[in-house]
Amino acid sequence: MGFILMYDITNEESFNAVQDWATQIKTYSWDNAQVIMVGNKCDMDEERVVPPEKGKHLADQLGFEYYEASAKENINVRQVFERLVDIICVKMSERVDVEAPAAPGPKTTRLTDKPAQLPQKCC
């Protein structure tokens with residue numbers, strides 16, 4: 001339900017690959033998958049080749065939220081994951097709100113339900 005699309009701010013090639021990765025996410029994932037774009041290694045600002053404005057601009061074009069983080073220095077790591085969970089939960093609640101009540105018919109199985117009994121084959 002969610003992706004963190006991450007590139008290295010010190011590597012132009014990883015930034016240039018973001019567009020392709022975004023296309024793959026949109027092609028091969030659920031329609032309601034949520035994506036946050038992250039420029040990683042913000043602790044290495046002196047080696048930066050991708051300005052924050054460029055990352056933010058691309059994220060805006062793709063319709064993603066944007067953060068900069070450092071996995072090494074633990075900068076914004078928790079915030080990125082918490083925000084992704086938040087937007088997934090919001091989308092899930094919106095989906096539940098617009099779905100009509102279940103009509104009579106086959107029951108939808110939930111993870112908390114007991115699995116349906118499969119018919120036994122006889123020899």
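Which residues does Arg48 touch, not counting residues up to four places away in sequence? In this predicted model, Arg48 touches Ile9, Thr10 and Glu68. Arg48 itself is found in the loop between strand 2 and helix 3. One of its partners is also met through polar atoms: the side chain of Arg48 makes a polar contact with the side chain of Glu68, at 2.7 Å. With this small piece of the model as a starting point, the overall layout can be introduced.

The protein chain has four helices and three strands. Followed along the sequence, these elements come in the pattern β-α-α-β-α-β-α. The chain holds 123 residues, and buried residues make up 28% of them. Among contacts with a separation of 6 or more, 74% are accounted for by residues 24 or more positions apart.

Helix 3, which spans residues 52–62, offers a helpful view of how one element sits among the others. Four of its residues, Gly55, Leu58, Ala59 and Leu62, are buried. These residues lie on the same side of helix 3 because they cover an arc of only 100° around the axis. The general geometry of a helix helps here: an α-helix has 3.6 residues a turn, so residues three or four places apart point the same way. On the other side of helix 3, Glu53 and Gln61 are exposed. What do the buried residues of helix 3 pack against? Their neighbours are strand 1 (2–8), helix 1 (12–16), helix 2, strand 2 and strand 3 (65–69). Just after helix 3 comes Gly63, which takes a positive phi of about 80°.

Gly63 also appears in the lining of the second largest pocket. About 180 Å³ of space lies in this pocket. Its lining consists of Ile25, Lys26, Ser29, Trp30, Asp31, Ala33, Gln34, Val35, Gly63, Phe64, Glu65 and Ile87. Helix 2 (18–28) and strand 2 (34–40) each supply at least two residues of that lining. Sorted by class, the lining has six nonpolar, three polar and three charged residues.

The region around helix 1 can be followed through two residues, Ser14 and Asn11. Ser14 is found in helix 1, and it counts as buried because its relative accessibility is 14%, below the 20% limit for that class. Leaving aside residues up to four places away in sequence, Ser14 touches Tyr7, Asp8 and Trp21. The side chain of Ser14 has polar atoms placed close to the backbone on two counts: a polar atom of this side chain lies 2.9 Å from the backbone nitrogen of Asp8, and a polar atom of the side chain also lies 2.9 Å from the backbone oxygen of Asn11. Further along the chain, Val50 is 36 residues apart from Ser14, and the C-alpha atoms of the two are separated by 9.9 Å.

Asn11 has its place in the loop between strand 1 and helix 1. Is Asn11 buried or partly exposed? Asn11 counts as partly exposed because its relative accessibility is 31%. A polar atom of its side chain lies 2.9 Å from the backbone nitrogen of Glu13. When residues up to four places away in sequence are not counted, Asn11 touches Val49 and Val50. For Asn11 and Val49, a separation of 38 residues in sequence goes with 6.5 Å in space, C-alpha to C-alpha.

Finally, two asparagines draw attention through their backbone angles. Most residues other than glycine have a negative phi. Asn74, in contrast, has a phi near 55°, a positive value in a residue other than glycine, and Asn76 likewise has a positive phi, near 65°. Where do these residues lie? Asn74 lies in the loop between strand 3 and helix 4 (77–98), and Asn76 lies in the loop between strand 3 and helix 4 as well. Their accessibility can be described in turn: Asn74 counts as exposed because its relative accessibility is 56%, whereas Asn76 is partly exposed, with a relative accessible area of 26%.

Conventions:
Residues numbered from 1 in each chain as written. Predicted model: local features only at pLDDT ≥ 70, side-chain atom pairs only at ≥ 80, totals over all residues. Heavy atoms only, no water. 1 Å grid on protein atoms, 1.4 Å probe; cavity = no way out; pocket = protein on both sides within 12 Å on 5 of 7 lines; lining within 4 Å. Points joined across faces, edges and corners; volume = space filled by probe spheres on them. Nonpolar A, V, L, I, M, F, W, Y, C, P; charged D, E, K, R; others polar. Polar contact = N/O pair within 3.5 Å; in protein donor to acceptor, adjacent residues only side chain to side chain. Contact = heavy atoms within 4.5 Å. Buried < 20%, exposed > 50% of the residue type's maximum accessible area, 1.4 Å probe, protein only. Arc of directions from axis to C-beta.
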